[in-house]
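Q: Please take a close look at one part of this model, the open sheet and the turns around it, and then relate that part to the core and to the other strands. A connected account would suit me better than a list.

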Amino acid sequence: MASDHPVEYDVGHVEELFSRGRAVVPVGPDELPVLVVKTRRGLFAVTNRCPHRGASLDDAEVSRSTITCALHEYRFDLRSGRVTGGWGTRPTCDPLVVHRVRLADGRLVVALARSRADSPRA
Ligand code: FES
C-alpha cells in the first residue's frame, strides 16, 4: 500500500552544498536535478528546469522569493512556482515544480513533489 507521506531524501550537509549560496543536487532514485537556494525568505527547492523552454536554472538570479531564468528572464515565485513576469505583458508557461525542503541537524532534506499539484504551496 502506498504511503501518502512523501519520501524525504537527505541530500547533504548544508555548508558543503551552499559554498555558492545555491546547490544543484540529484534527488531520489531517478536523480532528479533539484536546485536548492537560500534567501532571506528561507530555503527553496525547485526542479532545475525552467518550464518555459527547459533551460537549466543554475545561473538564474535569485532574490527574496523570486527566481529569474537567465535565458529569457521569466520570473517565478519560489514559494508557489507561478510565473510572475517575463517577456510580454502577460507571460505564460507552466509553473516551476516546487519541492519541500528543510534542515535537519545541519543537513538538507528534500521531499520531491510528484507533480506540480504536489508543490507545497500550489
Ligand atoms: S527558458 Fe527560462 S525563461 Fe525561457
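**The open sheet and its surroundings**

A: In this predicted model, Thr66 stands opposite Asp77 of β7. Three bridges join β6 to β7, and the two strands run antiparallel. They belong to an open sheet of four strands, ordered β5-β6-β7-β8 with antiparallel pairing. At its edges are β5 (61-63) and β8 (83-85), each of which pairs on one side only, and from one strand to the next the twist averages 30°. As a general matter, strands of a sheet pair through backbone hydrogen bonds, in either a parallel or an antiparallel sense.

The loop between β6 (66-68) and β7 (75-77) holds Glu73, whose phi is near 65°, a positive value in a residue other than glycine. Most residues other than glycine have a negative phi. Glu73 counts as partly exposed because it has 14 C-beta neighbours inside 10 Å, a count that lies between the limits of 12 or fewer for exposed and 20 or more for buried.

A positive phi also occurs at Asp105, about 55° although the residue is not a glycine, and Asp105 is placed in the loop between β9 (98-104) and β10 (107-111). With 8 other C-beta atoms within 10 Å, Asp105 is exposed. In the hairpin of β2 and β3, which has four residues between the strands, Gly28 takes a positive phi near 85°. These two strands pair in the antiparallel sense over six bridges, and Val27 has Leu32 in β3 as its bridge partner.

The strands β2 and β3 also lead to the largest nonpolar core, which has 27 residues, and in which Val34, Val36, Ala45, Val46 and Val110 touch the most other members. At least two residues of this core come from each of β2 (22-27), β3 (32-39), β4 (42-47), β9 and β10, with β3 giving the largest share, four residues. Leaving aside residues up to four places away in sequence, Val36 touches Leu17, Arg22, Ala23, Val25, Leu43, Ala45, Val101 and Leu108.

Notes. Residues numbered from 1 in each chain as written. Predicted model: local features only at pLDDT ≥ 70, side-chain atom pairs only at ≥ 80, totals over all residues. Pairing = 2+ DSSP bridges. Axes fitted to C-alpha atoms, helices over the stretch in contact; angles between N-to-C directions. Core = buried A, V, L, I, M, F, W, Y, C linked by C-beta atoms within 7 Å. Contact = placed C-beta atoms within 7 Å.
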